[in-house]
Amino acid sequence: MPVTLNHIAKQGEHGPAMMPIIQGVGRAAVEIAALLRGAVFRGALGAAGAENVQGEQQQKLDVLSDEIFLDEMRSTGDVCAVGSEEQEELLVIEEYANADYLILVDPLDGSSNLDVDGPVGTIFSVVKRKTANTETPLASDTLQSGRDVIAAGYVLYGPATMLVCSVGQGVHGYTWNPASARFELSHADMKIPASGGYYSVNEANAGKWLNQMGDRLQRMKAATGLGMRYVGAMVADMHRTLLKGGIFLYPADEKNTNGKLRLLYEAIPMGFLMEQAGGKAMSDGQPVLDVQPEALHQRVPVYLGSASAVDTLLG
Ligand code: AHG
Ligand code: MN
Ligand code: MN
């Protein structure tokens, strides 16, 4: 008998409370996957004509995916607010402003892959509010380190649509089964291989990296002999790293002096999963999960993967 997303409810202290939210993520994933597959026929590819708070050209699909995700989080009744890559400020869900949980989300990760039909994803994490349920949720409710994250995961829109997540009891992968129209457990208790795999980085930036990262990478390549893969969508590069081992990194450089990836809805959820899968998740000088967030869209350098590869790189 296949195991479905209800499997979440049986996992540890937070499983029961997280299941409705993760089921909501699953509903959003199915809607976004359908949106992506038909986008070209709806004129939904290409830029939305506006910049997001990141100073990046929003894609129409970024905006549509954000709307779908917010709507499904609202429908759970358990989420009081959402911090989204595509929204400058925290979005309070007024009718449930007394609910316990906040979601941080990158509704569509790897958007530059969209017009070349490459893999993209959704990344999320869940935190419990610090403010009283009688108060209005505040941005400060989202500024919690990865050590306080209750659940995190991603959806990978690839040849199959996969939902990979953790509620603190290991990492589990669920694949959308079109025959039964539900997510079914396909990768139970994912653990990153201790060795092997690939290094994954945009080496075009090597000449601009700070902190001698170019020399460090050359030494790591010589010491490990790892092959290289780089998709340009964090979800796809991290999914491969989880399954095959190795390291994914986005260092700080002269242009992005804090790195490019966002702490709250890219680095922390992926770092949470990586540690749950027995890997290592570092930023500059400290674990990703120890970084104390100061702003919703704050960026950090990341080095995520097999502990041996991360240690060889960072010394
Ligand atoms: P997003 O599409 O949500 O802005 O994220 C893109 C990120 C991440 O997915 C990926 O790892 C990285 O940008 C790729 O950056 P480069 O194109 O600079 O390599
Ligand atoms: Mn992203
Ligand atoms: Mn995005």
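The shell around ligand 1 is drawn from both domains, with at least three residues coming from domain 1, which spans 5-187, and at least three from domain 2, which spans 198-314. I should say at once that this is a predicted model, and that what follows should be heard with that in mind.

In terms of secondary structure, strand 5, covering 101-109, and strand 13, covering 246-250, each contribute at least two residues to that shell, and it is strand 5 that gives the most, namely three residues. There are 18 residues around ligand 1 altogether, and those that come nearest are D109, G110, Y230, M234 and Y250. If we sort the shell by chemical character, we find seven nonpolar residues, four polar ones and seven charged ones.

Let me turn to the polar contacts. On the side-chain side, K260 places a polar atom 2.9 Å from an oxygen atom of ligand 1, while an N or O atom in the side chain of E85 is 3.2 Å from an oxygen atom of the ligand. The backbone takes part as well, since a polar backbone atom of L108 lies 3.3 Å from an oxygen atom of ligand 1. As for how far the ligand is enclosed, its accessible area on its own is 470 Å², and the protein covers 86% of that.

Where, then, does ligand 1 sit? The ligand is found in the largest pocket, and, to return to where I began, the shell around it takes at least three residues from each of domain 1 and domain 2.

Terms used:
Residues numbered from 1 in each chain as written. Chains lettered and ligands numbered in written order. Predicted model: local features only at pLDDT ≥ 70, side-chain atom pairs only at ≥ 80, totals over all residues. Heavy atoms only, no water. Near = heavy atom within 4 Å. Polar contact = N/O pair within 3.5 Å; in protein donor to acceptor, adjacent residues only side chain to side chain. Areas by Shrake-Rupley, 256 points an atom, 1.4 Å probe, with all protein chains shown as cover. 1 Å grid on protein atoms, 1.4 Å probe; cavity = no way out; pocket = protein on both sides within 12 Å on 5 of 7 lines; lining within 4 Å. Sits in = over half its atoms within 2 Å of the grid points. Helix = DSSP H or I, 4+ residues; strand = E, 2+ residues; numbered from the N terminus. Nonpolar A, V, L, I, M, F, W, Y, C, P; charged D, E, K, R; others polar. Domains from an automatic or database assignment.
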